[in-house]
Amino acid sequence: MSSKIQIRQDADDPAFTDALGRPLQDLRISLLDRCNFRCPYCMPEAEYGEDYQFLTKSARLSHDEIFRLASIAVGLGVTKLRITGGEPLLDRNVASLVGRLASLQGVDDLALTTNGLLLGLFAQRLADAGLQRVTVSLDSLDETIFSRMSGNRGDIARVLAGIDAAVRAGLSPIKINVVVQRGVNDHTVLDVIEHFRGTGHIVRFIEFMDVGSRNGWSMEQVVPSKEVLAQIHTRWPVRAVGRNYPGEVARRYQFLDGQGELGFISSVTEPFCGSCSRARISADGTLYTCLFATAGTDLRAPLRNGADDEEIAAILKSVWLKRDDRYSELRKPEASESPLVNKVEMYRMGG
Ligand SMILES: C[S@@+](CC[C@H](N)C(=O)[O-])C[C@H]1O[C@@H](n2cnc3c(N)ncnc32)[C@H](O)[C@@H]1O
Ligand code: SF4
């Protein structure tokens, strides 16, 4: 489109891969660290009560700062942008940021991840602004289990209405993320498939990950994707299909009866570090190069201290060139507890 903003491209620099040969392709932007849910696997209520100090507005990057970082990253070769959080729809101006990001030449995928509670209000505005797709997290269709897994904050009817609004707005294909936790929702996975099969939405089952250090993760609560797949295959036979693009983390399957697609994100039992091309920027402007990071690189200070675009790009590039993270591959799958303490929480760095 001629209205797209052109920026300098370093993307064809063949040397620009990390220490393990992985390109910088995706950028996830955590818009804010707050959330209207308290999913126990992410922000357990006991840890994130009324007194918890979330980032103040001034500590968070402004939309101007986010746009600037995103445009610099796109100049370095990023083609996929995802807005996430925390809950990104708690930012009532999110559509205007989407509109700005959609104007960047070189972005071929612009998506947003949400818990769906406010999606009914935002779907059309987001689509009008240029958002291409949404991913909605919905762990169970059983009211009691859903309520438990959202920390008693969710409302299934509203989330489903949000998904319908997203369909009407054209934000398809819609992906539905289901975190599977042993003894919590693993007996409801077939219901989720039954509900969404044939709708064109792609359900993705995510293994409960040892992200952060406040969610009480243990291996006993992880249901290996293979187990979920076997359960589904017995009821509705599926076949594996290839990746849509290099670096796609979900293993894809199609129903043999033509009723659509599903996916598995199996970071615990089948790590995909080898093709990980993602960087994340937290709401306070810290750059993280791994979901399981314990530290990141502050970009907010240089942004606010007058660094020009070339200087910011140089920081991004130098961090990426040194990147050798492969936490999930190094983690011993049989370890029953999370091996590192003080890992950054998922809702902070952007899931
Ligand atoms: C951190 S949330 C942020 C966006 C939005 N609030 C949402 O829930 O979709 C992004 C994704 O991370 C997933 N997630 C959070 N904690 C997780 C964990 N410990 N293991 C696996 N997935 C997790 C959520 O289910 C969600 O699909
Ligand atoms: S998974 Fe999403 S909705 Fe649930 S607490 Fe984390 S950020 Fe909020």
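A pocket, as the word is used here, is an open set of grid points with protein on both sides within 12 Å along at least five of seven lines, and its lining residues have an atom within 4 Å of a point. With that in hand, let us walk through this model, which is a predicted one.

A good place to start is the second largest pocket, which holds about 280 Å³ of space. Its lining brings together several stretches of the chain: Leu31 and Leu32, then Lys57, then Arg60, Leu61, Ser62 and His63, and finally Leu90, Asp91, Arg92 and Asn93. Sorted by class, that lining has four nonpolar, three polar and four charged residues.

One of these lining residues, Arg60, deserves a longer stop. Arg60 sits in the loop that runs between strand E1 (26–30) and helix H1 (63–75). Does this arginine have a salt-bridge partner, or is it without one? Arg60 is buried yet has no salt bridge, and the nearest side chain of opposite charge, that of Asp33, is 5.0 Å away. A salt bridge here requires a side-chain nitrogen of Lys or Arg within 4 Å of a carboxyl oxygen of Asp or Glu, so the 5.0 Å between Arg60 and Asp33 does not qualify. Leaving aside residues up to four places away in sequence, Arg60 touches Leu31, Leu32, Arg34, Leu55, Glu65, Ala283, Asp284 and Arg304. Leu31 and Leu32 are also part of the pocket lining.

Two of the contacts of Arg60, Glu65 and Arg304, form a salt bridge with each other, their closest N and O atoms being 2.8 Å apart. This pair links distant parts of the chain, with Glu65 in helix H1 and Arg304 in helix H8 (residues 300–304), 239 residues apart. The two ends of the bridge sit in differing surroundings: Glu65 counts as buried at 14% relative accessibility, while Arg304 counts as partly exposed at 39%.

Helix H1 takes part in another such link. The side chains of Asp64 and Arg100 meet in a salt bridge with an N to O distance of 2.7 Å. Asp64 lies in helix H1 and Arg100 in helix H2 (residues 94–102), so this pair ties together parts that are 36 residues apart in sequence. Asp64 is exposed, with a relative accessible area of 51%, and Arg100 is partly exposed at 30%.

From Arg100 we can step across to Ala129. The two are 29 residues apart in sequence, and their C-alpha atoms are 8.2 Å apart in space. Ala129 belongs to helix H3 (residues 119–129). Setting aside residues up to four places away in sequence, Ala129 touches Ala95, Val98, Gly99 and Ala102.

The structure holds 15 salt bridges, and there are others worth a look. Asp18, Arg22 and Arg323 are linked in a network of salt bridges. Glu261 pairs with Arg252, with 2.8 Å between the closest N and O atoms. Here both partners are buried, Glu261 at 18% relative accessibility and Arg252 at 12%.

Glu261 also leads us to the enclosed spaces of the model. How many cavities of 30 Å³ or more does a search of the whole structure find? There are two. The largest cavity holds about 50 Å³ of space, and Glu261 lines it together with Ile193, Phe196, Arg197, Gly200, His201, Val203, Phe255, Gln259 and Gly260. That lining divides into four nonpolar, four polar and two charged residues. The second largest cavity holds about 30 Å³ and is lined by Leu24, Ala279, Leu287, Thr289, Leu316 and Trp320. Its lining has five nonpolar residues, one polar and no charged.

Let us close with the backbone. Most residues other than glycine have a negative phi, and most peptide bonds are trans. Against that background, the peptide bond from Ser172 to Pro173 is cis, with omega near 0 degrees. Pro173 is placed in the loop between helix H5 (156–169) and strand E5 (175–180). At the other end of helix H5, Asn152 has a positive phi, near 60 degrees. Asn152 is found in the loop between helix H4 (143–149) and H5, and at 63% relative accessibility this residue counts as exposed.

Key: Residues are numbered from 1 along each chain as its sequence is written. Chains are lettered from A and ligands numbered from 1 in the order in which they are written. This is a predicted model: local features need pLDDT of at least 70, side-chain atom pairs count only at pLDDT 80 or more; totals for chains, interfaces and linings use all residues. Side-chain values use heavy atoms; hydrogens and water are left out. On a 1 Å grid over the protein atoms alone, a cavity is a set of points where a 1.4 Å probe fits but cannot get out, and a pocket is an open set with protein on both sides within 12 Å along at least five of seven lines; lining residues have an atom within 4 Å of a point. Grid points are joined across faces, edges and corners, and a volume is the space filled by probe spheres set on the points. Ala, Val, Leu, Ile, Met, Phe, Trp, Tyr, Cys and Pro count as nonpolar, Asp, Glu, Lys and Arg as charged, and the others, Gly among them, as polar. Helices (H or I, at least four residues) and strands (E, at least two) are DSSP runs, numbered from the N terminus. Buried means under 20% relative accessible area, exposed over 50%, partly exposed in between (1.4 Å probe, protein chains only). Lys and Arg count as positive and Asp and Glu as negative; His and the chain ends are not counted. Contact means heavy atoms within 4.5 Å.
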